[in-house]
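Reader: I'd like a close look at a single part of this model, and I'd rather have one connected story than a list. Could you walk me through it?

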Amino acid sequence: MKRELVLAGLSLLVLIAQAAVGRVVAPQWCPDLGLLLVVGFGLSVRSATSGIALAAFVGYLSDLLSGSLLGQHMLLRMVAFAAARVGCRRLNLRGPVPLAIFAAGLSTAHGLALWALVSFFASGSPPPWPPVGDFAAQAAVNGLLAPLVAAGVARVYQALGDEEGTKLMRLEPRKFPA
Amino acid sequence: MRLPLLVVGLVVVATVSMVVDRRALRGGPRNFPPWAGPIVDAAVPIQKALSYPIDFARQTWARYGDLVGVAEENALLQERIHVLEEENLQLREALVASGRLAQIAEMRADFEVPMLPAQLVGSDLSAFFRSVLVDRGRAQGVRSGMPVISEEGIVGLVTATSERASRATLLLDRQTAIDGTVQRSRTRGIVRGRGTDLVEFEFVARGGEVEVGDVVITSGLDGVYPKGLRVGIVTAVSEPGSKLLRTATLVPAVDFGRLEQVFVILRRGPSMELLYRTEGGDADAQTASAGASGR
């Protein structure tokens, strides 16, 4: 529980910092750190229950700090967590290159899903289709930063103690009949 | 069993949040939820602290850039002041001659709009949306539906508030639409955000007269923004063709990349007032704005 709380607190700080830095960086070149954190959770957090709760928390914070409807990012971050979880089991995402490609693909899928959600909830005509260049730029930036963020999340997670791992490894003392 | 229950619960929470927030956006006061307001309020001082070195570096660079050619600019401005002083004098003379100066001076008080300076502390986390977080909230009299401007022109509209912070959706956002007029030809149309650094101006092809370089201002007819605020300058106009509507591309009057200080107009337009009053529950807005106007 301690690790999850620390990761949640760190995620909040990261998102706040991103919003501040985002004032000077063009939006398409600004990495989606919330998404990258969730990918990192998918790769490092052992418990799926904790991971999905953290992903939902990061999504909700993203909703608060962006112009989306409350719940849009929350939903999509949970899906991203599930994708990262499945991805790390089915694919070899241990190296930086596969992880970067995976994150770039996930970033594009996330953008499309967000557009679909916004269109679904928009009154009147749906919002214009986002420029392909912007999608590609952000996917590239996210891909480049994904290995770094994932490594950071893994390091924090390990530094705080892998309690469940320790539990699994612990050997119960054998009781011999007297 | 615990995981599926949690997933279902979280998906339900997300879906309900979206529906509730959508309803709030369509009408009625839209505040951050009570449990989320403190998070946003807490983010503001951190973002301010983080913004300080960024703003300092930007201002230093901008000032250095401004120094280049300052003498030439000074001479041009001096010349412009003389022209404007002369023009002002002539207009005053004309007003005095028509005996309407005192009447206009009395009317001025009615037209003065209470404005609250605010600082931008954060931008949107998602590249898909264009909004900013400002460091003024309900405690300072800011309410959803109030326009946000800068000395250059229209910035956007307050769409959510907490006690000490507000979120303003920018003119650039895909969900923004403003009733605009071309200053020269008085052609009316709708200004829409495209999610990029440019906006589009849609106008009726027949009779519409729009040229590159034209200035588009707010018409005031949407009942959201006051009349006469600069929206942008036309940089391209679509070919007439056979379509009923034509589109012009505008460069916003406000340089959003360098925006630091904005003003919240502490008075909602008639449409917004009607919209929010219909839903009720935000009757204190006027009182607050009246109070804030005294600051």
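Reader: Which residues have the most contacts inside the largest nonpolar core?

Author: Keep in mind as we go that this is a predicted model. The residues you're after are A:Val38, A:Val39, A:Ala55 and B:Val264, and the core they sit in has 101 residues. Where does the largest share of this core come from? That would be helix 3 of chain A, residues 48-64, which puts in nine residues.

Let's zoom in on A:Ala55, one of the residues with the most contacts inside the core. Leaving out anything up to four places away in sequence, A:Ala55 touches A:Val38, A:Phe41, A:Arg77, A:Met78, A:Ala80 and A:Phe81. So there's a nice link here: A:Val38 is itself on the list of residues with the most contacts.

Now over to chain B, where the domain assignment gives domain 1 (29-68 + 113-171 + 260-295), domain 2 (69-109) and domain 3 (177-253). The core draws at least three residues from each of domain 1 and domain 3 of that chain. As for domain 2 of chain B, its C-alpha centre lies 28 Å from that of domain 3.

While we're in chain B, have a look at its barrel: six strands close up in the order 6-7-8-11-10-9, with antiparallel pairing. Neighbouring strands there are turned by 40° against each other on average, direction ignored. Take strand 6 (residues 177-182) and strand 7 (residues 188-193) of chain B, which pair over five bridges. In that pairing, B:Thr181 stands opposite B:Arg188 of strand 7.

Terms used: Residues numbered from 1 in each chain as written. Chains lettered and ligands numbered in written order. Predicted model: local features only at pLDDT ≥ 70, side-chain atom pairs only at ≥ 80, totals over all residues. Pairing = 2+ DSSP bridges. Helix = DSSP H or I, 4+ residues; strand = E, 2+ residues; numbered from the N terminus. Axes fitted to C-alpha atoms, helices over the stretch in contact; angles between N-to-C directions. Core = buried A, V, L, I, M, F, W, Y, C linked by C-beta atoms within 7 Å. Buried ≥ 20, exposed ≤ 12 C-beta atoms within 10 Å, placed from the backbone. Domains from an automatic or database assignment. Contact = placed C-beta atoms within 7 Å.
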